[in-house]
Every structure is written in C-alpha cells, then in structure tokens.
Amino acid sequence: MLTLESVKGWYGSTQALFGVNLRVPPGKTVALVGTNGAGKTTTLRAILGAVRTEGSVRVDDVDISAKPTHRRVNDHHIAVVHEGRGLLSQLSVLENLTVGANRAQRARIDEVLDLFPALQGRTHQKVSLLSGGQQQMVALGRALLRDPKYLLLDEPGLGLAPVVIDEIYRYIAELCSRGMGVLLVEQSVARAASVADELVLLRVGTVDRVIDTADSAQVDQLVADAFGVHH
Amino acid sequence: MTGTTMTRPRRGGKNPTVGKGRGVPRLLTRVAVFAVIAAVPPLLFDDYWVFMSAQVLAFAVATLGLDILYGRTGQMSLAHASFMGVGAYTTYVMATNGYGPAMQLAAVIGVALIAALVVSVPTLRLSGMRLALVTLAFGELLAWAIRNTTDLTGGTQGASVDPFLFGRLDSSEPLHAYLIALVPAAIATAFAVHLGRTQLGRRMLAVRDSELAAESVGVAVARTKVTAFLISAVYAGVAGWLYAGITGFIAPPDFDLFASVYLFVAVVIGGAGTVLGAWLGASYVVLMPEVFTLAGQPNLYPIVGGALLAIVALVVPDGIVGLGRNVWRRIRGVRGDEEESK
Amino acid sequence: MSTASGAPHVRTEGLTVRYGAFQALRDVTVSLPAGAISGLIGPNGAGKTTLLNAISGFTPIAEGSVHIGHRNITALGTRRRALAGVVRGFQTVRLMERESVLTNVLVGTERLPQPNALAQFLALPSQWRARNRDMAAATEVLDLLGLARQAHRRVDELPFASRRLVEVARVLVSSPSVILLDEPAAGLDQEGRQELAAVLTRVHENHPSTMVVVEHDVDLVKSLCSYVIALDSGAFLRDGTPAEVFGDRQVQLAYFGRAASADA
Amino acid sequence: MGDLGQILLGGVTTGSLYALFLLGVLIVFQVSKSMNFAYGQVGMIAAFSAWFFYSEQGLPVPVALMIGVLLAVIVNSAIDFAAIRRIPAGRPGLDLVVTLGIFLLITAVMQQLIDANAHTFVSLGADTRTEVAGVVVSMSDGIVIGLTVVTVLAAYLLLNRTSLGTSLRASAEDAGIAQAAGVNVRALRTATWAVAGLIAAVVAILVASRLSVDAFYMTPFLIKAFIAGMIGGLDRFWLPLVVAVALGVYESLAVYLLGASAGTPAVFLLIIVVLALVPKRFVNERNEVRA
Amino acid sequence: AGCGNATGGSKSSAGSSGSSANGCDVKEIGPGVTDSEIRVGTTMPLSGSGAAGGLGTKEGQEAYYAKLNAEGGVQGRKIKPIILDDAYDPSTAQKQMRQLVEKEEILVVSGGEGTPNFLGAVPYLDRKKVPAIAPYAPSDELGGDKNQHVFMATVDYIQEFEILTDYVLDQETPKKMALVGVAGNVGDNAKLGMEKALEGKGIELLYVPETPGTTDFTPIATQLKQFDAEYVFLILTNADTGGLLQAMSRIGYTPKTGAWAGMSDDSYIKEFGALSQDMLVALETSSLESDNPLVKQFVADFTAQTGKAPSKFNQLGWVQAQLTAEALKRAEGLNRGCVVEALETFENFETGILPPVTWGKGDRAGVDAVGIGQIKGDKLVVLEETKSLQK
Ligand SMILES: Nc1ncnc2c1ncn2[C@@H]1O[C@H](COP(=O)(O)OP(=O)(O)OP(=O)(O)O)[C@@H](O)[C@H]1O
Ligand SMILES: Nc1ncnc2c1ncn2[C@@H]1O[C@H](COP(=O)(O)OP(=O)(O)OP(=O)(O)O)[C@@H](O)[C@H]1O
Ligand SMILES: CC(C)C[C@H](N)C(=O)O
Ligand SMILES: [Mg+2]
Ligand SMILES: [Mg+2]
C-alpha cells in the first residue's frame, strides 16, 4: 500500500499542496484528476521526494518521507513516468531506458522493446531525434523496465495517437492485475474512469473527493463539478 | 471583443492594466529618485569619496552595456573590459594628439563600433562558452597590441591621460569628474531603461531564451546579436573614456581578463537583465574594497573579498535586485493579495 | 489563390525530408485550403511536426517545394517565412521563462513593421507609434485567451495550461495569414480544450487565416477543423472532411489500430 | 631537427598537462554543468602545501605529497558541497562568480598561510634524462605523457562503457530525472568532484616539479585548459582533449619560431580562425531540442 | 616614453592639500603631520608574481621605523608607515597611492618596490607634488633630471646591466650573449645596458622578451640552446628565473648566467640556488659580510628588531626608511617643500647599505654604482664591491 497522509508541498515559498491524503493499494489503479494546476504533478513529486514536503508518505507501512529520491525508488520499487516525458535528451534510447537500473532490470530490456516495436532498431539513437510519441514510449519503457510495485504515471497519453494510448492502458491494466499499484494522473475523466478503480479529485492542492468508478452517476457529477463541462 | 471572451472562475476577467497611463508619473518619480541619489556624493562626501563615486558612474555605464549583451541577449563576453580599453586608449591617443574631450568621445564611439563589428562577425555562429572564448581572444590580442606599441600607447607601463577640460570643469578634480561623468551615465541609463520597452529589447530576450522561438516570429537572430554587441561596445567605450578621464592613468591590466570577469560579476551580483542591477553591481565592485578601507583594514580585502563574493552570490542568486524583489513580494504577500497567490 | 479576405492557400509539392538515411517525409503533396482550419493527424512519428517544420522552414527540405498562395517559398529562411506570414507554435512550449506574459506575447509583434534598431533605441516617434500599436494587439489577444489578469506575471510561475496559451498568444498576436499549431491542446484539461477551440474559431472569424492544427484529440479536431489531412510513416494517407478522413479504413487502422468504430 | 624534436616534445608534454587538467574540468562540467574557476587553485593547494610540509615542516616527501593530494580532494569536494550545489537552477554565470570568489579566497589564504614567494619543488624525474635522436627526454616527460594517456583512456571507458558512466551523464543532464530513475546523484557528484580534485592535484604537482610552486602558478594553466575545452566543446570528450595537446604543441612552436611575445597572439588568432572556419556542427554547443 | 610626454603637460595646479613643493615655508605644517606622528607611506607588491621583493622591502621598512620610533622618532614625532598592496600592477598602484595621499594623508612617499607598478603612480604623485624618497624602480624614466619629485637611490637597469656586462668582458670575450627579460620597460632597459657595453665589440646579442606566467619554458630554452650563447643574462621574476633555468637544464643546456640584483635576495637563493650555481648577480646593496662598521651596525640593528638576518630586500626597505627619516630630520619645516629642500642637501650620505647617496638641485639620481656577486653553494660571494660607471 502506498499511503499519503496530510502531505503538504511547497515550491520555494509558494505552497502547492495543502494536506493530501491518498491510498494506492497493490493491484489497484487510482486516478488523480483535477484541473490544470490542481496539484496532481506535485503529488507525484511529493511521493518521489522531489519537492519540499511535510506529512507522511508510506510504502507498505514504511515511512519514506525522510529518504532521498533514489532510495525511495530503489528500495521501494517505485517507478515514474514524468509529466512531459522527462527524458535525457543527450542520451541514447537504450541509455534512457537503462539509466539507474540494476542488472536484473536491465535484463528485461527485450521485453520492453517487444512492447514498443517502434523503438526497435533505434536504441542507439539520441532520444531527442524521436518523434513526440516515440519519446513517450521511451519514458514508459523506462518505468516498466523496473518492474515496479508502484507505478506513478503523469499523463502517459499526452501527445500520443489513440492507437498507442489504447495499447498502453491495456498494458497497464494487465500489470495492475498482476499486483502492481498504479497511481495515474489523467486529464480525461472518461478515460480515467474507464481504467481506474478509484478517482481522486484534487482541487487547489487538497483532495476534494474520492469516488468509486463503478458509480457512474458520481463520475458524471464529478465531471460537472470539477470541470464545468456539461454533457 | 465581447461574447465568447472566457470567464473562468479561477482566472477572473478584468481588463489588464497593460502598462498604459502610469508612464509619465512613473518616469518623473524615477528621474526624481535618480537626481536625489546623484546629489548625495557632491553634497555629503569628501574628495576621495566623490572620486570613488565618479568611478562608480564610469563602471555603471560599462555594466549597463554588458547587461544589455549578457543579461538581456544572453551572449557571454569576456572582453567587455577590453572594449573599455579600446575607449580608454582611443581617448589617450586622441588626447596626446591634442583633441579635446568631445572629439575624443566621438572617436571612442566610432572606434568601439568598428572593433565590435570586427569581433562580432566571426562570433555570429557562436554562443555560450565559445563566444566567450572569441571575445577573450580579442581581449588578449588587444592587450598584446598595447604591450607592443609602446610609442603609441605607453605599452606595459601604462600611460597617463590628460584630464578632460570642459569650460571650467577639469576632470582631475574629483568633483568636476563626477559632474562630467553624471551626464553620460544618466543618458546611458535612460537608454537602457527605454530599450526594455522596445521591440529591439524584446528581440534580445527572445534570442537569449530560445533562438528557435525567436526565429519563428521573424526575429533576425544574428542581426539582433550584432546590435546588442554594438550597443554594449559603445557603452563600454564611453565607460573607458570616462575611466581614462577620471583616473588620469590607464594600463593594460585595467582591461584584462580579470577586469572583464569583474564586470561580469557586477552584472550577476546586481541582477542580470535589470538596469538597477547593473548600477548595484557596479557599486559593489567599485566600493566593496573601500568598505574595508573605511573599516581601517585595507589589506584585509584581498583575503576576505573572495569569500564575501562567493557568499553574496550564493545568498542572492538572482542578484541584489532579485533579493529586493523577493522581499517586496513577501511584503505584498503578507498584505494578502489572495487572487495573486495560489 | 487567395480568398477575398487575404488568407492564402498553402501547398506542398513532392516534399521529402531526410535525416541521414531515414525519410521523415516522403513525397508529400498536400494542399491546405485558404482561409480554413485544417487538422493534421497521424500516428506518432508520422511526420506531422516535420511537415510543419518544413512549411515554416525549420528543417531542410531534400526535395519538393512549399508554396504560399502563388509564391514559392522553398528558398526562404525561417525568418523570411515568418515575415511572409507563416507563424508557428511548438510542440514543446518555448517561452522566455523569466519574462512576463505580456513581454512574451509582444515578441510576436516582430512581424508587424517595426522601426529600425536605431530609431527604437533612440525613442524616435516611430518607436512610440509602433509601441502603441503592439500594445493594443497584445491586449486584444490576452483578453481573448483569458490571460489578461496574468499579463504581468512571469511565465515560469504559471501553470502549464496557461503557458500553452501564452505560446498560442505569441503566434496569434501578429494576426498572421498562415498559422501552424503543433498540439496546442496537449496537457490542457477538458474545459481548457473547449475554450481553446472556441478561441481559435473566434480568432479565425476575426482575422481570416489559413490555420493548421496538429492534434491527437479526435473530438477537438472534429469540432474545430473543416478539413483534415492524415499522414502515416512520412507519407500522405488521406485528406477530406473530418467525417471522410476518420471514416477511412486505412486511417482507422493506422491511427486507432482497428477499423470501424471511429465514434469512440 | 633535434631542436624541432625538442620543441615538439616540450609542446606535447605541456599539452598533455593541459589535457589531463582539462579532463578534470570536463568531468565536473559533465555532471554538474558548472565551471570551476578555482580549479587551478585546488591543484595549487596540493602542490604548495606539499612543499610546505616537506620543506618547512620536514615531513618525508611522499607523506607530504599525500597530504597535499588529500587536501585538494577535500577542498574540491567542499567547493561542490558548500557552494556549487547551493546554486539554484537556471542561473547561468553564477557558478563563475561564486568560484571566482573561491579562487580569490584560496589564493589569499595560501599566501597568508605559507607565503607569496616562488619555491623549487621536488623534481620528480625532471633531472633524470637520456638523449634519443638528438632530443633530450627526461623521465618527467615520460611520466606526464604516460599518465595522461592512461588516465584519459580509463576515463573514456568509464564514462562510455559502464552503467556508472550512463548514470553520470544522466545526472549531468537532469539530476531530478536521474534521481527518480534510481541514481544516487549526490554520491556521484561528490565522487566526481573528489576525482577531479585528485586530477588537479596530480597535474599541479607535475607542473610544480617542472616549473616551481607559489600561490599563482596554476592560473595560466587553468586558462589554457579552459580555452582548449571551449574550442573543443565542454560537452564532448575527445575533441577538447586533442585540442589541449595541440594547443601545447602550437604554443611551443609559435614561441620558438616567432618569439616569446608571439605565443599569446598566435594562440588567440588560431582560435578566431578555427572558430570562424570549422563547419557549423562543430560549433554548435548544444542544439535546442527539436520542435 | 608614453608616460613621459603626457606627464610633461600636466603642470596644472591640482594640489588640494595646500602644500607647495616649490620652496620651503618653515611655518607650514604638511599633511599627515600631527604633534605626535608623521604619516608616510607607499605601495608595494605584497601579493602576486612580484610579491617576493615587496614583502622583503616592507619588512625592512617596518623594522627601521620600529627602531627609530623606539629611539624617539623624528622631531619629537613617531613615524607611521602605511604600506598598501599594489599587486605589481600600475593601475592598482596609482589607486592605492591616491588613497594614501587623499585619505591617509601621507606627508611623503617612503620608498617602494617594483618598476612598472611604481611608474604607474608617478604621474599622480607628480600632479599632487608629493615627493617620493628612494623607491626601488630602476628605470630610465626616473632619476637624473627626469622627474623632480622622485629621488632615486639605485641605478637604473641600463646601468646595472652595462656594469654586469662590462664585468664579464673584463674576464673573457664571449662570442655570443643572450638576455631573457620581462617584456616592457624593465627588459628593454636591461637590453639597452647590454647593448651599450657590447657596442663595437662584435659580440652577438640575442634578446628574448618574456611575459610572466609562461607555462612552458622549453621553447625559450631551446631557442637559447640553439643560439648557443656562452652567457645568458636574466631579468625575470623569481619563479620564472627558476622555471627557465630548470627547462634549460632539462634539455641539457647549461651556459654561464648573470642576473639582476633581485637574485641576491635570500628568497631567491634559498629556493633556486641549486639551479643557479656560479650565477653572476648585480649587487645594489652592500655585502653583509663587509667589515664596514655601518654594515655591522645595520646587521646588528636589524637582527635585534626582527630576530633574523636581513635579506637584500630587507636591506632595501631599511635604507628607504632610513633615507626618508634622514630627510625628515633635516627638513626645516614638516611639509613637502621643506622635505624636498632637505633632500637636495644630501651629499655622499653614507647609509652603509647603498653606495653614498647624493641629490642636488636637478639631480635625482642619488647613486651611480653597482657591485658584482656570484652564487656559490647557498651563499652569495662578493666579487667586486660597488663600481661606478663614471670612474
Ligand atoms: N516549479 C514550480 N514553481 C512554482 N510553482 C509551481 C511549480 N510547479 C508547479 N507550480 C504550481 O503548483 C501548483 C500545482 O501544480 P501542478 O503542476 O502539481 O499541477 P497539475 O495538477 O499537475 O496541473 P497540470 O494539469 O497542468 O499538469 C500550480 O499552481 C503551479 O502553478
Ligand atoms: N532531426 C531529426 N533527426 C532524425 N530523425 C528525426 C529528426 N526529426 C524527426 N525525426 C524522425 O522523423 C519522424 C517524424 O517525426 P515527427 O516529429 O514529424 O512526428 P510527428 O508526426 O510529429 O509525431 P508525434 O505525434 O509523436 O509528435 C520520427 O520517426 C522522428 O524520429
Ligand atoms: C620582475 C623583475 C625582473 C623586475 C623588478 N622587480 C622590478 O620591477 O623592478
Ligand atoms: Mg501536471
Ligand atoms: Mg510532433
């Protein structure tokens, strides 16, 4: 279980999170939704320890709030796909995939490349030469290579063609069913509702509500309340 | 523009106060503040400090120029002091041939422009460290040229420059030097402020931050760089002219790599990209050693000065201006402008 | 081939772009109707961005030509094309991070006739006239995009969505006749997308232009564009109305990975 | 012919020293994107304090050298730890200003602690020499060239053939992302700065043994190494190092053929000509990411 | 000559201090003089490549003034020397001198060390009409009837190198000689001196100017080796002298050498003596081994003050202070004009350190003799006591 308890987060002196509570159980997908600037990305950064935070972040009952980022990632099997991909543009595709990975993880490289045939044969190219969508595949590949227990995804579908998005979500669902806990940031509530077990609505750095995606009335209500769009 | 103009709850829809209207009163306030501050040295200080204040004026002009090149256009130059040297030595050569300060100034501007053109053309394709390197090369070549033309420039030994004589003003008198320097310093400042409000100024910012974005809206990147280079060289040249006239003595080390680095320090410590920052930075560089003298420890500066510089730079990463801005923002924040703070 | 309102027709002929041995575009001949908003779709890596790059001059062309109206602009550099009216946005937002929203938008007025550098520096009257005109244009665009209140904020403090809008505003401020936008709605939330679509439509009504929008959001493309071009693996695939293109079997296979249910 | 050979040997040796020194600059630049203006002074600390310990305090030479090297390693790591790391992102130029401050500080402190005079240093093989084909080769020349070749090769393999190298380059580009990928960026940084300190110490000691030691002697070296780095590109590997050696040779030849005062202008004219003529792709420092 | 012609023009009255150097008004009290203290000062390189000389000179001056003050000072006042660092840089020297004159309000400039840096301050001192007493800046720009405010107490490098060359020519007739000198006034003067001595003798001379901060001396060494001079003269900083000798020995070229007087200082011999065996060195100051009672007195006094034996630059500093104090003692009024008049009364004044010092109206040369020494082991052996060109 990945648990956040009253987590606050700051950028310099501006506060972006005002006490976020969140639980991601293994084998479940939790989707974070909210308008632009609600604090979704910041929540993920808080889990990684990449912003200044207060409050507790626990993984399987171990408090990790005091640990540096690389320890959180390595010791607790967390992997992340950053907003805007977060690739290292001067490194090759292969290096981007394997950076920071241990030997066992690196051995899974073929598995990952099978998943994204578009990357095969280009592993020694600099990532900056790939198209936007191909780059997103590298970002995902890097996270999946690690075979994480908890996967943090920040808008993985951004800039991807529908065909790839479908593929990715199908794969995520499969991983999830194998016991991975997924925390997904997704712009489209419809999409989030279709893949996640739970929707968490963030509003100005706090959790506004948590709803079960099985309840479609609540989902509609959420869309209406949060995004002011009426269907 | 009515109708579909969007009103989102978190954005609000009031019209912006986009700069208009407050121009004139603001300008007057600024001029008044400048005048008041400028009046302090002659009224309150003794000769030595008036002399130091005149030095600050000369260095402020140089720093303003480098700020246009580095702070705004993002082009790193390690030859800015060399351009000061071009100005100073042109002044010297003109003076020894009997020309007065006005002719000197005209020649300085001309020579600085030519030198800048010569340097900037091979640098067009360069940026960052590479550019810095070519400018450094220019600086070294200039120093070498001076060292090897003793008859013309005084060589390694340096040269003493006749003071400016403007009517009854004689720049070997600190007060007169101060008054003479005030005029170009004020003009240079006014132009630098104004530049920020022109398309030329914005082109520079665009070139600094993203050449691709600049090109995409039609900015001529190379031409903008050259323009910035020319403007900054003229500023440096004028500063060199002032420096020569105020101190009355120039030598190659005044314009060497370290001198350029110090101008760079002035820009960064003051706050890159801002006019006020250039002034503060120039003051820091010129006056900080004097603070130690004031405290009766003149030989302590070389020891503590370095540490102090490192510490100041770390404490105010956005320069002194940035520090002021943060403080100001915090004060405003406390007053509670809720819509602004998220 | 211009419409009455002045927006030109944009045409590429046999366009080929190579990166080493790799062909990013292969003999692409497309025609973008004058004064319309066209959508450019295709799977990742299809060459959409490359096509925009080729039209705006950001990538060298191996073969083929680009035409704006009757003018062949293949030989023109990026900047000349911008001055000729072709202005683009970038897939990754490119802003002057430490400057205000207003400054970022005002940079876009470069295309409008500006007094020479000396006149600007010396604050001659021509400079003041230009300044007032640019301000008016910027104010209008900021109002339109709902950025008016943020005009004096530094862009690096803004949330991502607003930053995207600033990039769009920089493109729009000079009312260019050819507008190329690369995934302008990426990263925007639902409401943001709808607003952006509304704004683009409105801009288009006020200042007729030939607009090309690369987008992966099918709904957005359908609601915004009157014409769609599909690319795949660097080659032209199909063009037509949104209904025609999205209904095309080949497009569906390439883009959705399955045929038929394009109404998803 | 013997003279020319002698000049070339001198040039290659000095050039190797530039290159080895530059290697330290490069690895630091590559992981922390910063230029350390005080780098030469870090080396100076090693040699000068070693001199102080053996000559003034009577410690055995090897012990004194060891202490010197250790000091350099500590100081270089401390510069990163206390200063460079604290520079917030997106402040170009601040690293130069901060390290300039440190440069001045170190210079002043060493002058104060030891003195401002020049001293001879242990010769480390400079006085063991043989003649090969009319060229006098000293052991010092051999040590310098050999050490440079070995170190550079080792560094190349480490950076490009190991996962540690990938991690290093990843940290260089974006520490946040590298960390999130599981790289211990802090440890890597500290290690790099320490290694760079070691390199600076070794170079400074070799230079001292060939010239003499005082509080300032490394500055010209630093400038030459930076120049080579800038011509070659600080984000590359081979090119800047080759340029460094070439610079040493070129400088020697210019001084020999054109006279001592011609050295400087010759070097800088070369720079201008090279940068004006090389193809654009060698000139571009770091392309903006496309689209 | 760039300095000279510009300086000539600036005779305008800029003296804000109210004292006039022309004529001695006995009642006038000059700046820096109080009932209990007289402030004097100068600048020297205390850091940077020229620091070796500056530091030693400063120590010498301070030791002398300490002794003098302990004995009661001058005219009932203690002398306060203020010595600022000019880092061997002309402009810094000029700025520091401005500070000394305008802020510290010194009465006169007491000594100084280093040629280019001191020359940087000269135009300013000239404008302010501040007398400078016995600075060590052996340049042809100063001394004789050149600059009325600067009273020299050493010969310039032209004479020094002429005498040094003459000494060699007395012993043997080399075919070729070479000189390596710091580019600028210093090196040029040394070259001029050698040329004078070699004139008409058919001896080839190679001059190699050097810039401080050279990282590789091999090319210069090789050039010298190729030229194959029997004698190589050097006028370089300590570090560069050492570096060049080392490079020469590395390529197996070991000619006879000769150097400027700075090489007779302990700071050099202790460090580079081993590389400099048998090097001829000009001697500007007396040998400490001399039987002259004044020398014995000096050594005893200096050792009593500092607890160690004096070096050449200590000697220089000491004598600079000594001459300054003597001028103050002789001055009828404590102002600049009277000090200048007092200085003009010096005639064959014996310091025990320098050759006899003589200044007069229109003559600021002070001294016209140089001795010759040689480095043997870690000692300096005197070959010839001070020798004048005139004789
Ligand atoms: N580097 C930063 N510096 C200052 N403020 C920031 C920074 N990054 C984000 N913020 C602010 O923190 C708040 C939360 O931002 P966050 O990026 O977490 O939002 P988000 O929900 O991920 O939005 P989006 O949908 O646009 O990605 C926003 O108000 C944003 O402006
Ligand atoms: N500079 C370059 N060097 C090498 N290959 C490149 C370069 N630019 C683009 N490519 C390749 O060209 C192909 C087309 O890229 P492009 O960016 O146009 O795709 P796109 O259609 O915009 O995709 P996306 O929707 O993912 O942004 C890709 O395979 C990409 O890797
Ligand atoms: C460097 C030395 C040869 C010069 C000497 N110290 C002088 O300045 O007079
Ligand atoms: Mg986000
Ligand atoms: Mg694209």
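**Entry 1: single cysteines**

I began with A:Cys176 in this predicted model, and I noted that A:Cys176 has a relative accessible area of 7%. Buried means under 20% relative accessible area, so I entered A:Cys176 as buried. I then turned to C:Cys225, which has 5% relative accessibility and therefore also goes down as buried.

**Entry 2: the disulfide**

How many disulfides are there over all chains? I looked through the chains and the count came to one. A disulfide is a covalent bond between the sulfur atoms of two cysteines. Here the two partners are E:Cys24 and E:Cys338, and I wrote down that their sulfur atoms are 1.8 Å apart. The torsion about the S-S bond of E:Cys24 and E:Cys338 is about 85°, so I recorded the disulfide as right-handed.

Next I asked where each cysteine of the pair lies. I found E:Cys24 in the loop between helix 1 (2-9) and strand 1 (37-44) of chain E, while E:Cys338 belongs to helix 12 (residues 336-343) of chain E, so the pair ties together parts that are 314 residues apart in sequence. I also looked up how accessible the two partners are: E:Cys24, at 24% relative accessibility, counts as partly exposed, whereas E:Cys338, at 1%, counts as buried.

**Entry 3: two helices of chain E**

Two packed helices are described by the angle between their axes and the distance between the axes. For helix 5 (residues 157-171) and helix 6 (residues 185-198) of chain E, I noted an angle of about 40° and axes 7 Å apart. Angles under 35 degrees count as roughly parallel and those from 65 to 115 as roughly perpendicular, so I put helix 5 and helix 6 of chain E down as oblique to each other. Their crossing is right-handed.

I then listed residues that meet where these helices pack; among them are E:Tyr157, E:Phe161 and E:Leu169 in helix 5 of chain E, and E:Val186, E:Leu192 and E:Met194 in helix 6 of chain E. Sorted by class, the contact of helix 5 with helix 6 of chain E has ten nonpolar, three polar and three charged residues.

**Entry 4: which chains touch**

Which chains share the most contacts? Of the eight pairs of chains in contact, I found that this is the pair of chains B and C. I also wrote down two pairs without contact: chain A and chain E do not touch, with their nearest C-alpha atoms 35 Å apart, and no contact joins chain C and chain E, whose closest C-alpha atoms lie 35 Å apart.

Definitions and conventions:
Residues numbered from 1 in each chain as written. Chains lettered and ligands numbered in written order. Predicted model: local features only at pLDDT ≥ 70, side-chain atom pairs only at ≥ 80, totals over all residues. Heavy atoms only, no water. Axes fitted to C-alpha atoms, helices over the stretch in contact; angles between N-to-C directions. Helix = DSSP H or I, 4+ residues; strand = E, 2+ residues; numbered from the N terminus. Parallel < 35°, antiparallel > 145°, perpendicular 65-115°, else oblique. Left-handed = near helix turned anticlockwise from the far one by under 90°. Contact = heavy atoms within 4.5 Å. Nonpolar A, V, L, I, M, F, W, Y, C, P; charged D, E, K, R; others polar. Disulfide = S-S within 2.5 Å. Buried < 20%, exposed > 50% of the residue type's maximum accessible area, 1.4 Å probe, protein only.
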